[in-house]
Structures are given as structure tokens and as C-alpha cells.
Amino acid sequence: MRFLQLFALISLLTLLSAFTPQDRNRLGPMGQPQASPTPTPTPLPPPTVKMDAYRTAAARIIGAALTSDRAYSRLAHLTDHIGNRLSGSSNLEHAIEWALSEMKRDGLDNVRGEKVMVPHWVRGEEGLEMLTPVSRKLTMLGLGNSIGTPAEGITGEAVVVRSFSELEQLGERVRGKIVVYNAPFVDYGTTVLYRLQGASRAARYGAVAALVRSITPVSLQTPHTGAMQYDEAQPKIPVAAITIEAAELLQRMYDRGDRPTVRLKMEAKFLPDAESANVIAELKGTEKPDEVVLISGHYDSWDVGQGAHDDGGSCIVVWEAATLLKELGLRPRRTIRVVLWTNEENGLRGGNGYRDAHRAELAKHVFAIESDSGIYKPEGFGLAATAPPQVRANLQEIAKLLSGIGSDRIAASGGGADIGPMMREGVIGASLDVEGSHYFDIHHTPADTLDKISPQDLKLCVATIAVMAYTVADLPGSLTGD
Ligand SMILES: [Zn+2]
């Protein structure tokens, strides 16, 4: 992330400036655009694809997906027996080995791990205590990529601001103090800037540490971790997330003039880069095996909870989609390639590494889908706003095969953090869009666990991805209508 931060920040700011406030409401965990609730307004050309031939296959796929418990069983193994999977952890490597061996047992084609070196950040022991005006432990989680504190911790007066503009008004008055950002959740894309930039913007004025109200609309004393990024031009200071409850407590004390003091202790540090891999498996195409429809989720997670919604569930979904098609004897003309990305959360090395390793065949990637918004009731796909109108018209026609399960919407924008690098090279990309009202309740928290996953929603996600991937991969003509 150190090397990527400037690029990531520029990408994020570009995205934020390019999208309307409505779109910003739907930015994904790494700032990628997700669904827009409004359909595209411009009139589209008539579709060039004919769907009559696909109705039977779609019905078989949906039927099989809705009557199989295998995906849930596998997600249960991943979450309960392997657990969370931060880049560099032995859990992630166990998860990769397990997927590779199971995918081979499923009889999928060309199953392999493609090596990627990943950053290895470790949290270590950590804690936050209020010392005055009362002694109290505060729930926290260090932010990913943060440096640690000295062993004795950093003790300082807490200065609480609700926004960057309040910080800027205080300016040098925060020197030697601990800045607490108590910014209420507006939407993910807007509020996540406090997590990403809060440390460096406070360090600019001499702050010695920063605390960030968790990026979430609701809290039951739940701290939310996630990546932060240092501005190399500023001193590096440690930064942690606190709960909404702690942020509001500090705000009340600060407003009353209580001058609260806190002590932050974090052992966080980077170890040398570790070896990891993107997990890849295929259903090899019958007529155009060199053309690829890519379906994906990210296999790494934060080091708290089980990484069930983010993003283990999606990995199981795309894997199950391929296995199900194989079992049904539905082998499409083009290759369906399943990719379980490594290192989405704190580096994007998997997505960047894939683009670099597969640069020569990117032109043969006819469509790339990423699922990374949790496993909830699927609503359809968020298609990149830049997709050609003919592709949009064709995907809308294909999506009608999903109208029976309500996941037939093609939204005006979408994409994904891991497929972002190949999309910037011209690959047409889309997100799986799901009902999103509760994702950020548990996102990047100890509460992202299997019990939050509805088995029925998981099945519906499998059906949605499998029908879309199969149909696009099997089209006799091209998706672009050429
Ligand atoms: Zn994610």
C-alpha cells in the first residue's frame, strides 16, 4: 500500500469527482463504483443477442443453485475452520491450499495458484484508554497499514473535530495532541476519507496520533478497521478506529471543556512481503477457449471476524457457479475463469499482479465480474458506466433470464477494486449488486461472521452469477454485437 497509496488516492479522488452524489453513495470498500439506483437514461440500441435458446439452461441453473447446500457448507468451512485471512497470514495460505485442492476435486480445469507477493501488516496487541476526566477502556481497532506506538503508548489530550474543515480551523492548535475525527456517516465513499487520510492530515499540524470514528451508520460498540494511507510528505503517526459510542463520548467531554486525555498503544508493524497467490480455476470453453469470462471475489479479509460477507462469501459464490455448471454439463463456448483475489484489502497486489501477468490476453477477456458488496439478496449487476451502449443493451436482455429471482437489473455504473486494473486496460467490468442496507453495519468488524449470511441469499447469488457468466460465455456472437 505504501507504493500504491498515491495512485490509489488519485484513483479515489478521480472517482469521487467523476460520480454524482448518488453514485458516491454506492462506492465499494476500496472506493470502487457500485450500483446506481437509476437506470441509464440514454436510449439504447436494440439487443443483438437472442435469449430464447437460453431459457432452459437458465432455469436448470437456478433450480440447481437453489437446491444445493454445498456453497453454504464450504463457506462454513472457510469461516469456522480456517477463519479470517489477512494478507501474509497463515490462515490465508491455508485457505488458498484448501480451495486449490477442493477445486481439483470438483474437476475444474487449469486449477492453479498464481504467485503474488503481498504486504504483511500485523496488528499485534493494541488498546485505548481514557485517563482523564475518568479512567475507562475504549473499544478500538488499529487501522490497517498504520505504524505502531512506542511500547509505553502515546498519551495526549484529545481534540475532537467533526470534519476536516474543523481540523483546518484549529490548525497548529492540535500540535502534540491526539486528533479524534467524529465525522458522522454520510455514505461510504465520502466518510471513508477520514479513515484513509485522517492520520496524515492531522500529522500536518503536528498531531501525535489520530482516532477515527468507525465508517458505519450504526454501532453496537462495534469498531470497524480498514486500510489507511500515509501521505509520504507528512510525518507518520499511528491511527485507530474507535466506535461511534466512544467518538460521541469524547465529543461530549471535549465540548464541555473536560479536556479528555487518552493513551493509545499499538504494536502494529509491517513484516517483509509474503508470498501469496490468486486462486484460479476454469471451465474451459468448447469453441473459443482463449476468450475469457472472468468471475471473481477477494479471498483475503481483515484480521477480525471471519471475512464472511467481505469477501469469503463471494469467493464461494463464483467458485460454486463454475462447479454447478460443470455438474449440469453446461460447458459454454468461451472459458469461464474463476479468480479468488489475494490482497484486496491492503494493497490490491492480486488485481494488479493479474493484470501484469495476463496483459497479453486482456483483449480476450470479454467480460469481468467482481462480487464484493456482501452476500445479500442479489439485485443484478452494476455495469461500468463506460461500457458501450450495445453491450449494455445485450446485458439487459441477458439479465431478463434472472427476472424470476429478481436479480435482473443492469445498473448505470459498477466495477470492482480487483478488476479495476484490467478495466483501466479496456476490459468491460461489472459488480454483482446486492441489497445493501446492512453491509456497512458489519463491514471490517469482528461481527462479519457466518451467522450474518442468509443461506437463501447465498444460493440466489450463485444462481445470478452462474446464469450471467454461462450465457455471456456461450453467446454464438459477441457481447459487443460486432
Ligand atoms: Zn471486500
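**Exercise 1. Determine which side chain Glu 102 meets in a salt bridge, and describe the setting of the pair.**

Step 1. In this predicted model, the side chains of Glu 102 and Arg 105 meet in a salt bridge, with 3.1 Å from N to O.

Step 2. Both residues belong to helix α5, which spans residues 90-105. They are three residues apart, about one turn of the helix.

Step 3. The accessibility of each partner is then assessed. Glu 102 has a relative accessibility of 13% and counts as buried, because the limit for that class is under 20%. Arg 105, at 68%, is exposed.

**Exercise 2. Classify Asp 52 and Arg 55 as buried, partly exposed or exposed, and state how the two residues are linked.**

Step 1. Asp 52 has a relative accessible area of 60% and is exposed.

Step 2. Arg 55 has a relative accessibility of 45%, and counts as partly exposed.

Step 3. A salt bridge links Asp 52 to Arg 55, and their closest N and O atoms are 2.8 Å apart. The structure holds 34 salt bridges.

**Exercise 3. Explain which parts of the chain the salt bridge between Glu 291 and Arg 334 ties together.**

Step 1. The closest N and O atoms of Glu 291 and Arg 334 are 2.8 Å apart in this salt bridge.

Step 2. Glu 291 is located in strand β11 (residues 288-298) and Arg 334 in strand β12 (residues 334-341), so the pair ties together parts that are 43 residues apart in sequence.

Step 3. Arg 334 counts as buried, at 3% relative accessibility.

Step 4. Charged residues are also linked in a network of salt bridges, whose members are Arg 112, Glu 114, Glu 282, Arg 337 and Glu 361.

**Exercise 4. Identify the residues that touch the most other members of the largest nonpolar core, and state which helix gives the largest share of this core.**

Step 1. The core comprises 110 residues. Those touching the most other members are Met 103, Tyr 181, Tyr 299, Phe 367, Leu 395, Ile 398 and Met 468.

Step 2. Helix α14 (residues 455-474) contributes the largest share, 13 residues.

Step 3. Ile 398 serves as an example. Leaving aside neighbours within four places in sequence, its contacts are Val 49, Met 51, Met 468, Thr 471, Val 472, Leu 475 and Leu 479.

Step 4. A second, separate core has 28 residues, including Val 180, Ala 227, Ala 246 and Leu 249.

**Exercise 5. Derive the strand order of the eight-stranded open sheet, and locate its edges and the helices in contact with it.**

Step 1. The order is β3-β2-β9-β5-β6-β7-β8-β4, with mixed pairing.

Step 2. The edges are β3 (136-138) and β4 (140-142); each has a single partner strand, so one side of each lacks a neighbour in the sheet. On average, neighbouring strands are turned by 30 degrees against each other, direction ignored.

Step 3. Strands β5 (residues 154-161) and β9 (residues 261-266) run antiparallel and are joined by four bridges. Gly 156 stands opposite Val 262 in β9.

Step 4. Helix α7 (residues 188-203) packs on the sheet and touches β6 (178-181), β7 (209-213) and β8 (239-242). The direction of helix α7 makes about 155 degrees with that of β6.

Step 5. Helix α8 (residues 244-255) lies across β2 (126-132), β3, β5, β6, β7, β8 and β9, and runs at about 85 degrees to β5.

Note on methods: Residues are numbered from 1 along each chain as its sequence is written. This is a predicted model: local features need pLDDT of at least 70, side-chain atom pairs count only at pLDDT 80 or more; totals for chains, interfaces and linings use all residues. Side-chain values use heavy atoms; hydrogens and water are left out. A salt bridge is a side-chain nitrogen of Lys or Arg within 4 Å of a carboxyl oxygen of Asp or Glu. Buried means under 20% relative accessible area, exposed over 50%, partly exposed in between (1.4 Å probe, protein chains only). Helices (H or I, at least four residues) and strands (E, at least two) are DSSP runs, numbered from the N terminus. A nonpolar core is a set of buried Ala, Val, Leu, Ile, Met, Phe, Trp, Tyr and Cys residues joined through side-chain atoms within 4.5 Å. Contact means heavy atoms within 4.5 Å. Two strands pair if DSSP finds at least two bridges between them. Axes are lines fitted to C-alpha atoms, for helices over the stretch in contact, and angles run from 0 to 180 degrees between N-to-C directions.
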